[in-house]
Amino acid sequence: MRTRTPSISLLLDNLIWALLLVAGVAFSLLTTRFLTVNNLVNVLVHSSVLGIMVIGQSFTLVTGNFDLSAESTLGLVAVAGAFLMTAAGEPSNGSGLMLNPAAAVVVMLALGLLIGAINGLLITRLRMNNFVVTLSMLIIVRGLAFLLTQGKTVTRLPESFKGLGHGSLGPVPISVIVLIAAFLVASLVTRSTRFGRDLYAVGGNREAALASGIDPDRRIVQVYLISGALAAFAAWVELGRLGVGATRIGEGMIFEIQAAAVIGGISLFGGRGTMIGALGGVLLLSFINSGLNLMRVSGFAIDMVRGIVILAAMLLDAQKLRYRQPAGRREAAARLAA
Amino acid sequence: MDAQPYLVEMKGVTKEFPGVRALAGVDFRLRADGELRGLVGKNGAGKSTLMNVLTGVFPADAGEIVVRGRSFSRMTTTLSRQLGIACVHQHSQLIGPLSIAENVFCGDLPTGRLGLVDWDSVHRQAEERLGRLGLAIDVHRKVEGLSVAERQIIEIAKALFAEAQVIILDEATAPLPKHDVELLFGFVRRQRERGVAFVYISHYLEEIFELCENVTVMRDGRAIGDYRVSELTPQALIRAISGADVERFRHAAATVAGPPVLSVRGLSRPGAYADVSLSLAPGEIVGLTGLEGCGKDSLARGLFGLEPVGRGEVLLEGKPYRAADPREALDRGVAYLPRDRHGLGIVGPRSIQENITLPILGRLTNLLGLLSRRKESVLVSELIASLDVATPSAAQPVEFLSGGNQQKVVFAKLVSVRPRVLLLDEPTQGVDVQAKVEIMRIIDRLAREQQVATVVISEEIRELLDVCDRILVMFRGTIAAEFPTRDPSTTVERILHAVEGASQP
């Protein structure tokens, strides 16, 4: 019995790869245009921004937190970066500062870090609820994005800035390289550094982490900083990909971000899941998007399918926890008996 | 058909949990005309499990429950409630922000026309009902403003309104000041007059003598005695409770001569402890016992940096010591085993390996900031072998291990920091008899082989006698007595007297 339990949980934790395979085979059979090099590269390009956002979110999720404001940070940083680099008035709608792209990137990262710091400090120092804090920031930060350009789209970005999201190295789009590199680094950090181990401990049992010499609050502030910084980084890629800074960039994306992480095995309850699993979650969502698009399913129906996928992800997460409960309940019973 | 002699009769009740036989054929009775019956025994003796079987929280594996002549092989919580069995726990189940009246009618508020709550009637009826039980209390008051005793009285009253005939008080007085205990007892006695039966579970034996008519003693999952309290002496009751252990482990003194590892002088923290002085020699194992709230756990948490330690002098290996947080304590070689393994000890979803190396990741990290897997797994497999953790692999999530093995993992974690001082809060709590002995061996070995100075905090006096060199008893924040365990005049009875705050005979 004891040996069977973990093996089923191992299966549950790696379910994403089975799902990915099923989706891939199904779409290949349903439409001839799915399994082509062109389409698969496209899928990866479209995954890049979502993927970077999922990494940031996963850092917070592993500690048992989350960052709902990440999508607004993406939007504000994108618009602010575009605004700083462009000419004033129509058609650019920029600030007229014409900041050089390198300086703009620095300002963008600083802005992302600032938003992360505010989230982290409110949650740890002032003991505010993470839902309320990041939900409020979601609204405030989006409001700032609209305020900055009066809702106008900023255009005519410098070409050199767009390389990250738009360029390619030989046949390979740079955004794909960035996506893969980002996941490899995130995986290394979470698996093989003290910092990463600490995060899982904080999310798995905050008090036990504390008693093991970890400062949970410090780690939580750090993951919000990472979430903010990665949202800023994603903004850089997204600006390059779109070529314009729209105030609505990232709007509504948070559900997809969390769904990808959770389908990939990162638990909403903290302490479980891997970055590579989360990458699987990102790819699955992108497969579904691309497959349904190629099958010319109506956009409204695609939205509905996304909703269903998110629901299924949460169901899976809850089931995993419930599956593990018997062990917990047995322990509780034994403790009551004591 | 003549009247049933018993209101409740439990026959041959057996209940097993994985690795633990919690109840082994227990008989338990309550007289039909009501009675005040005490239920006593050590932690883990099976008192709460027995009552949980009676109220249907756990189904029994075997045995029978007869209530007013009707036999049930399988009890459920709904059924037990219908049969008039209710349980009042140490922690109130009332809803704090609501008024007494609302709590009394919770879930069943009287409504008027239009389906709106008829507040006049709520308050009038609540007053009336409480009045009938001899309680004059303002029913508009919010429950959160009541004293703990008042809350428990309201809970008992609520159970009585639901026609309860049997009321189980599970450690109900543990959080109560003396005066409130009297208040509660007065109320309980009045209800007894009306034919209600009470089962009174308590570790405070003097209360058993004060309140109860009869007492059932449980030990290791069996009911080993049923006594009339008037025919019993406190000494006899203590002997019945502690009994003879299945297997005994005896620590051999390993104290090394030399300056103390840890010495505490005049340490005080208001509300926790006052003027505490103690000194630990290398390899010495000192027991620290006392009632809940006597300050023994605060002292350990203070020394580990989980709570402020207060004023006074603490020297660790001759140097001033004070930990602002657990990191600092661990870095100075002071490790702590928390009482609540699930709350503080283990990170359930993570592997044995990750749990063990959590406090020493800094030592396993190379210049690039990456963990050395090889070094880590060598260290972990050594510790798993030396502490005899039963597991197929170090990658096993800790939540899948048995309680005893989880506790060994926590020990392995502490050992990994190569501690000079170990502070162990109830190290054998919630593990089975076999694992208890193994854990005592581990404590003993660390003291003998690595000269670790150890403090074992526990309410299990007999275990302390087996594993410690000395036992210190705390009472109301001060160290009230000290017992060398090898002194033949040191007995469980004498220590229990000191625990209760009685002067030494």
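In the predicted model, strands β11(B) and β12(B) form a hairpin, with three residues between the two strands. Within the turn, G271(B) has a positive phi of about 85 degrees. The two arms of the hairpin, β11 (residues 262-269) and β12 (residues 273-280) of chain B, pair in the antiparallel sense over five bridges. V264(B) stands opposite L278(B) of β12(B) in this arrangement. β11(B) also pairs with strand β14 (residues 311-316) of chain B, again in the antiparallel sense and over five bridges. Here the bridge partner of R265(B) is E313(B) in β14(B).

Chain B also contains an open sheet of six strands, in the order β6-β7-β8-β3-β9-β10, with mixed pairing. Because β6 (85-88) and β10 (222-228) of chain B each have a single partner strand, they stand at the edges, and one side of each is left without a neighbour in the sheet. From one strand to the next, the twist averages 20 degrees. Within this sheet, strand β3 (residues 36-40) of chain B runs parallel to strand β9 (residues 214-219) of chain B, and four bridges join the two. G38(B) has V215(B) in β9(B) as its bridge partner. Helix α8 (residues 234-242) of chain B packs on the sheet, where it touches β3, β9 and β10 of chain B. The direction of α8(B) makes about 30 degrees with that of β9(B).

In chain A, helix α4 (residues 70-85) packs against helix α6 (residues 130-149) at an angle of about 20 degrees, and the axes are 8 Å apart. Since angles under 35 degrees count as roughly parallel, α4(A) is roughly parallel to α6(A). The crossing of these two helices, α4(A) and α6(A), is left-handed. On the α4(A) side the contact comprises S72(A), T73(A), G75(A), L76(A), V79(A), A80(A) and F83(A). These meet M137(A), L138(A), V141(A), R142(A), L144(A), A145(A), L148(A) and T149(A) in α6(A). By class, the residues of the contact of α4(A) with α6(A) divide into ten nonpolar, four polar and one charged.

Confidence was examined for chain A, which averages a pLDDT of 89, with 91% of the residues scoring at least 70. Over residues 325-338 of chain A, however, pLDDT stays under 50. For this stretch of chain A the model has 28 contacts beyond four places in sequence. Where pLDDT is low, the predicted coordinates should not be read in detail.

Notes
Residues numbered from 1 in each chain as written. Chains lettered and ligands numbered in written order. Predicted model: local features only at pLDDT ≥ 70, side-chain atom pairs only at ≥ 80, totals over all residues. Pairing = 2+ DSSP bridges. Axes fitted to C-alpha atoms, helices over the stretch in contact; angles between N-to-C directions. Contact = placed C-beta atoms within 7 Å. pLDDT = per-residue confidence, 0-100. Parallel < 35°, antiparallel > 145°, perpendicular 65-115°, else oblique. Left-handed = near helix turned anticlockwise from the far one by under 90°. Nonpolar A, V, L, I, M, F, W, Y, C, P; charged D, E, K, R; others polar.
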